[in-house]
Amino acid sequence: MNWNFNVSIISTIVVIFVLMLFYRNREEDEGYLGLKLVGYYILGTFNLKVGILIPIGFIIWLLLFHPKTNRTIKRYSAIFGLLMMLIGYWIH
């Protein structure tokens with residue numbers, strides 16, 4: 001097996017596990033919270049590379065998104081996305 005393939009499988013399992021952990025630690029019930037956490041994660045991973053790596057999705061999250069419910073886990077989800085983006089950039 002290819003090393004990159006193994007890293008992809010492991011990172012996917014880690015992402016699913018962590019997002020499930022965030023979902024279980026929610027502060028209150030909210031409709032479609034699982035999909036929202038995935039969205040915040042994807043927003044955190046979105047980047048722009050022009051000479052340097054710019055975490056544009058995380059910057060957008062900081063400026064525009066101010067959730068009223070489950071703030072902590074949504075923030076953790078976006079930060080986790082940023083962290084996974086940086087780890088992925090570092091590995092490749």
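**Exercise 1. Compare the span of helix 2 with the expected span, and find which side of the helix is buried.**

Step 1. Helix 2, a DSSP run (H or I, at least four residues, numbered from the N terminus), has 13 residues and reaches 18 Å from its first C-alpha to its last, close to the 18 Å expected at 1.5 Å a residue. The expected span is 1.5 Å times one less than the number of residues.

The model is predicted: local features need pLDDT of at least 70 and side-chain atom pairs pLDDT 80 or more, while totals for chains, interfaces and linings use all residues. Residues are numbered from 1 along each chain, and side-chain values use heavy atoms, without hydrogens and water.

Step 2. Leu33, Leu37, Tyr40, Tyr41, Leu43 and Gly44 of helix 2 are buried (under 20% relative accessible area, 1.4 Å probe, protein chains only).

Step 3. These residues lie on the same side of helix 2, because they cover an arc of only 160 degrees around the axis, taken from the directions from the axis to the C-beta atoms.

Step 4. Their cover includes helix 1, helix 3 (56-64) and helix 4.

**Exercise 2. Locate Glu30 and list what it touches.**

Step 1. Glu30 is in the loop between helix 1 (3-24) and helix 2 (33-45).

Step 2. With a relative accessible area of 17%, Glu30 is buried.

Step 3. Leaving out residues up to four places away in sequence, Glu30 touches Lys36, Thr69, Asn70 and Lys74 (heavy atoms within 4.5 Å).

Step 4. With Thr69, the Glu30 side chain makes a side-chain polar contact of 2.8 Å (N or O atoms within 3.5 Å, one able to donate a hydrogen and the other to accept it; residues adjacent in sequence count only if both atoms are side-chain atoms).

Conventions. Helices (H or I, at least four residues) and strands (E, at least two) are DSSP runs, numbered from the N terminus. Buried means under 20% relative accessible area, exposed over 50%, partly exposed in between (1.4 Å probe, protein chains only).
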